[in-house]
Amino acid sequence: MSFDLVGLPALSRFTIDRSEPLRGDSERIAALWPKARMIVVDTRGRTLVAERGTRVVDRPAVEFGEQPPLGSVLLGEQDGVAYFAVLMPAEEGEQVPVGRSWVAPELTDEPQWLDLRQAGATLDDMSAGLFTTAAALFQWHRLGKFCAKCGSPTGLEKSGWVSVCSGCGREEYPRTDAAVICLVHDGADQVLLARGPGWPEGRFSVLAGFVESGESLEACVAREILEEVGVTVRDIRYLGSQPWPFPRSLMIGFEAVADPSEPLVPADGEIAEARWVSRADVRMAIEEPGSVPGLGLAGGASIAFRMLQSWSGAAHSA
Ligand SMILES: [Zn+2]
């Protein structure tokens, strides 16, 4: 029995015009600047979120200078208002790996600094889209400071959307790594979940892996599941996708069917534990986190959450 995603994954929402032609049009940008808005993302991948996690705080862009500051990006335009983002250090001299929050924050009325994993599911559509795109672009900037061909430093053009090599002139556009994620079920009421080696006890999710060079998405699904848990799948079907900028993935979601009588063989070093879980348990674990002993699921910002929610018929819980 097949299923579809109920609603877009949290980080796939982008409601404003991405305005690609505007990126290189300095005259129009100058005309839009007085009314433009700016969101600030820090080097830990966090932005200031208000109204109990529902809205990203934006500021008048003119507070940041008479023109877009160096390293800022143009996210898009809506009703004559251009939206920009700028990166700032989380703390002076701080070097922090971006995004690793498993625990949902307590959302307050006071603005708080939250990352995409924490706020992605509670933000409204416009805020989620702006924040996701800004976080993804800044990750690409961070990882692409030197030319992949000649090693010279690169500079940014087109409002942060093109990097150009100072040595050989090579242009690069924002990079994204394709990864498949697959909800494997038995065609009836069981889903195959697994736990990664570094994950907390009881934390489970669906299986995922990076697409290899020269590989199709469907072949990757079949290979990853066979490699990770020793199971052969059939009826592989596309469900939907979402950006996951940690650091720069595009998660491409599938469902597939497997036979639960096949023995599960977790891959050494990749999967700590794998098991079949009932639809009722998944639904309860989503609707009342902590209510099913030994079963904690992925956070609401992930496509894994949306896949499990859609398959189990669970009501949405923030
Ligand atoms: Zn170069």
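**Figure 1. Coordination of the zinc ion by Cys 147, Cys 150, Cys 165 and Cys 168.** In this predicted model, the SG atoms of these four cysteines bind the zinc ion at 2.2 to 2.4 Å. The site is tetrahedral, with angles of 98 to 116° among its 4 donor atoms. For reference, the ideal angle for four tetrahedral donors is 109.5 degrees. Along the sequence, the donor residues follow the spacing C-x2-C-x14-C-x2-C.

**Figure 2. Setting of Cys 147 and Cys 168 at the zinc site.** Cys 147 belongs to the loop between α3 and β8 (154–157), whereas Cys 168 belongs to the loop between β9 (162–165) and β10 (171–172); the pair therefore ties together parts that lie 21 residues apart in sequence. The two residues are also shown for their accessibility. Cys 147 has a relative accessibility of 6% and counts as buried, because the limit for this class is under 20%. Cys 168, at 37% relative accessibility, counts as partly exposed.

**Figure 3. The open sheet formed by β8, β9 and β10.** Its 3 strands are arranged in the order β8-β9-β10, and their pairing is antiparallel. The edges are occupied by β8 and β10, each of which has a single partner strand, so one side of each is left without a neighbour in the sheet. Between β9 and β10, which run antiparallel, there are 2 bridges. Val 164 is placed opposite Glu 171 of β10.

**Figure 4. The largest nonpolar core, of 55 residues.** Within this core, Leu 193, Val 282 and Leu 308 have the most contacts. Helix α3 (residues 125–143) gives the most to the core, contributing 8 residues. At least three residues come from each of domain 1 (10–91 + 103–143) and domain 3 (177–312). In general, nonpolar side chains of soluble globular proteins tend to be buried together.

**Figure 5. Surroundings of Leu 308, and a further core.** With neighbours within four places in sequence left aside, Leu 308 is in contact with Leu 183, Val 191, Leu 193, Val 206, Val 282, Ile 286 and Leu 297. Another core, of 19 residues, lies apart from the largest one; Ala 194, Val 233, Ala 256 and Trp 276 are among its members.

**Figure 6. Domains of the protein.** The domain assignment gives domain 1 (10–91 + 103–143), domain 2 (145–175) and domain 3 (177–312). The centres of domain 2 and domain 3, taken over C-alpha atoms, are separated by 36 Å.

Terms used. Residues numbered from 1 in each chain as written. Predicted model: local features only at pLDDT ≥ 70, side-chain atom pairs only at ≥ 80, totals over all residues. Heavy atoms only, no water. Core = buried A, V, L, I, M, F, W, Y, C linked by side-chain atoms within 4.5 Å. Buried < 20%, exposed > 50% of the residue type's maximum accessible area, 1.4 Å probe, protein only. Helix = DSSP H or I, 4+ residues; strand = E, 2+ residues; numbered from the N terminus. Domains from an automatic or database assignment. Contact = heavy atoms within 4.5 Å. Donors = N, O, S within 2.8 Å, 3.2 Å for Na, K, Ca; no water. Tetrahedral: all angles 85-135°; square planar, octahedral: opposite > 155°, others 65-115°. Pairing = 2+ DSSP bridges.
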